Amino acid sequence: MGWLLGLGIAGLVLLVLSLALDGVLEGLFDGVGVLDGLFDGLLSLPVIAGFVSMLGFSGAIAMGATDVGVAGATAIGTPAGLATGWLAYRLGRVLLRDRSGAAPRHSDLIGASASVVTAIPADGYGEVLVRLAGQPVKLSAKSPAAVGRGAEVWVEAALSPTAVSVRPVER
């Protein structure tokens, strides 16, 4: 029964590692040819971890609750492990297909209000603080006119991933 419990614990450790390292272990086999893409589906680490841990724990429970031997415990644990692995695979596919939280784009900045944190000289660069999807983002900013620190500006265009063109808010 000890080795079945060890298998269950090893599966849990593998699951924690696969979640904590977030795909690093799968990335070790990128570009290997035959192994390329092998860990993306049914043989992903969470699926393998679910199978191994359920095989070990359900086998240990079966062995402790009944008089079955190691072969009987393994025969009981294998279908439980397969079912758990299949559920982990299905859950992973559902989570990967969820595209409800689209990432904000640079075009979302256009028309946004920002405040100047570093003064912007005429035709020069300063810094602004913009709220993008509720998060503060500090960007380089260029303006045709000089804008002082603390002034409110509107974003006119995204010049690059880290820079925008702004104009002062007219009041």
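Buried means under 20% relative accessible area. The model shown in these views is predicted.

**View 1. The whole chain places its helices before its strands.**
The protein chain has 4 helices and 5 strands. From the N terminus on, the order is α-α-α-α-β-β-β-β-β. Of the 171 residues, 26% count as buried. Contacts between residues at least 6 apart in sequence include many long-range pairs: 48% join residues at least 24 apart. The mean pLDDT of the chain is 82. A value of 70 or more is reached by 83% of the residues. Among the elements, helix α2 (residues 24–27) has the lowest mean pLDDT, 60. Strand β1 (residues 113–118) has the highest, 92.

**View 2. Helix α4 covers residues 70–97.**
Its buried residues are Ala73, Gly77, Gly81, Gly85 and Tyr89. They pack against two helices, α1 (2–20) and α3. How many Å should the 28 residues of α4 span at 1.5 Å a residue? The expected span is 40 Å, and the end C-alpha atoms are 40 Å apart, so the two values agree.

**View 3. Helix α3 covers residues 45–65.**
At 1.5 Å a residue, its 21 residues should span 30 Å. The end C-alpha atoms lie 30 Å apart, which agrees. Among the buried residues of α3 are Leu45, Val47, Ala49 and Gly50. The list also includes Leu55, Gly56, Ala60 and Met63.

**View 4. Ser53 is a residue of helix α3.**
Is Ser53 buried or exposed? Ser53 counts as buried because its relative accessibility is 10%, and the cut-off for buried is under 20%. Which residues does Ser53 contact, leaving aside its neighbours within four places in sequence? They are Leu7, Gly8, Gly11 and Leu12.

**View 5. Five strands form a closed barrel.**
The strands of the barrel run β1-β2-β3-β5-β4, with mixed pairing. Neighbouring strands of this sheet are turned by 55° against each other on average, direction ignored. β1 and β2 run antiparallel and are joined by 4 bridges. Thr118 stands opposite Glu127 in β2.

**View 6. Strand β5 pairs with β3 and with β4.**
Strand β5 (residues 163–168) runs parallel to strand β3 (residues 135–143), with 3 bridges between them. Ser140 stands opposite Ala163 in β5. Strand β4 (residues 152–160) runs antiparallel to β5, and 6 bridges join this pair. Ala157 has Ser165 in β5 as its bridge partner. How many residues lie between β4 and β5 in their hairpin? There are 2 residues between these strands.

**View 7. The largest nonpolar core has 15 residues.**
Which residues have the most contacts inside this core? They are Val128, Val130 and Val164. β1, β2 (124–132), β3, β4 and β5 each supply at least two residues of the core. β2 gives the most, with 3 residues.

**View 8. Val164 has contacts beyond its sequence neighbours.**
Neighbours within four places in sequence are left aside here. The contacts of Val164 then include Leu109, Val128, Leu139, Ser140, Ala141 and Lys142. Val155, Ala157, Ala158 and Leu159 are also in contact with Val164. Val164 is one of the residues with the most contacts inside the largest nonpolar core.

How values were computed:
Residues numbered from 1 in each chain as written. Predicted model: local features only at pLDDT ≥ 70, side-chain atom pairs only at ≥ 80, totals over all residues. Heavy atoms only, no water. pLDDT = per-residue confidence, 0-100. Expected span 1.5 Å × (residues − 1). Buried < 20%, exposed > 50% of the residue type's maximum accessible area, 1.4 Å probe, protein only. Pairing = 2+ DSSP bridges. Contact = heavy atoms within 4.5 Å. Core = buried A, V, L, I, M, F, W, Y, C linked by side-chain atoms within 4.5 Å. Axes fitted to C-alpha atoms, helices over the stretch in contact; angles between N-to-C directions.
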